[in-house]
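Colleague: I am new to this structure and would like a close look at a single part, followed by its wider setting. Could you take me through it step by step?

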Amino acid sequence: MNQIEHLIQNASVIETRLGYSFKDRSLLVLAFVHRSFINENREITQHNERLEFLGDAVLGMLISDYLYRYLPTTPEGQLSYLRSRLVEASSCVSYIQTLNIASFILLGKGERMNDGRGRESILADLFEAIIGAIYLDGGIEAAKQFIFANFTKQIEAILATPLRNWKALLQDYCQKKYQQTPVYNVLQESGPDHSKVFQISVLINQQELGRGTGASKKEAQQAAAADALSRFNLPEIFS
């Protein structure tokens, strides 16, 4: 049995975990096809990046609508920041991992050998591709139902987390301890133009303190700073 057949055979299992049954299962299959898979399987001509592009827009719109309705007194700037936290790659990875469907991603041999199923960008793209597929198959209400039936608790938990400027906290710590400011370097930039993923390291005295990934350099820098701070014994920051 090849990988496509295995995916099709398990379509009902996936649908149960999603909480959505597809009228057109070809959309479900397409959502799981990574670009690396078609590079090694020439009989397959489409991958999930167009679905991911669509799903990204649908997710952003639905989260914007949710925030607008449930935070009626919150100003636009803060709403934008909250939306970015809810749709960033790390949040999308958290959402998709709760469904236990990552093992069905169709990857090329190279990605499988590199444990591609655990890479944040691949998992985040899968999540958005699934949203795009559900939107095309069932419309905006189906996509809305999928997101909020499955992930409302995680969304509420993220919103309840205090807002922290990790870069500012790390800079203050490093200036006091090292009399220097941290330096951020871009280690890797991957993904299509509409959905870039950045990996960034933060250093002091040319020694790496932490790493982070994000859909923008700013987001990745915040993640790297948070990673660096987590390595120090600073309970007052994380309390």
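**A close look at one residue**

Modeller: Ala224 is buried, because its relative accessible area is 0%, where buried means under 20%, exposed over 50% and partly exposed anything in between, with a 1.4 Å probe and protein chains only. This is a predicted model, in which local features need pLDDT of at least 70 and side-chain atom pairs count only at pLDDT 80 or more, while totals for chains, interfaces and linings use all residues. Residues are numbered from 1 along each chain as its sequence is written, and side-chain values use heavy atoms, with hydrogens and water left out.

Ala224 lies in helix H12, residues 217–230, helices being DSSP runs of H or I with at least four residues, numbered from the N terminus. Setting aside residues up to four places away in sequence, Ala224 touches Tyr184, Ile200, Val202, Gly210, Arg211 and Gly212, contact meaning heavy atoms within 4.5 Å. One of these partners, Gly210, is 14 residues from Ala224 in sequence, and the two C-alpha atoms are 5.2 Å apart in space.

For the wider setting, the largest nonpolar core has 55 residues; such a core is a set of buried Ala, Val, Leu, Ile, Met, Phe, Trp, Tyr and Cys residues joined through side-chain atoms within 4.5 Å. Helix H9, residues 120–138, gives the most to this core, with 10 residues. A second, separate core has 17 residues, among them Tyr173, Leu209, Ala225 and Ala228.

Definitions and conventions
Helix = DSSP H or I, 4+ residues; strand = E, 2+ residues; numbered from the N terminus.
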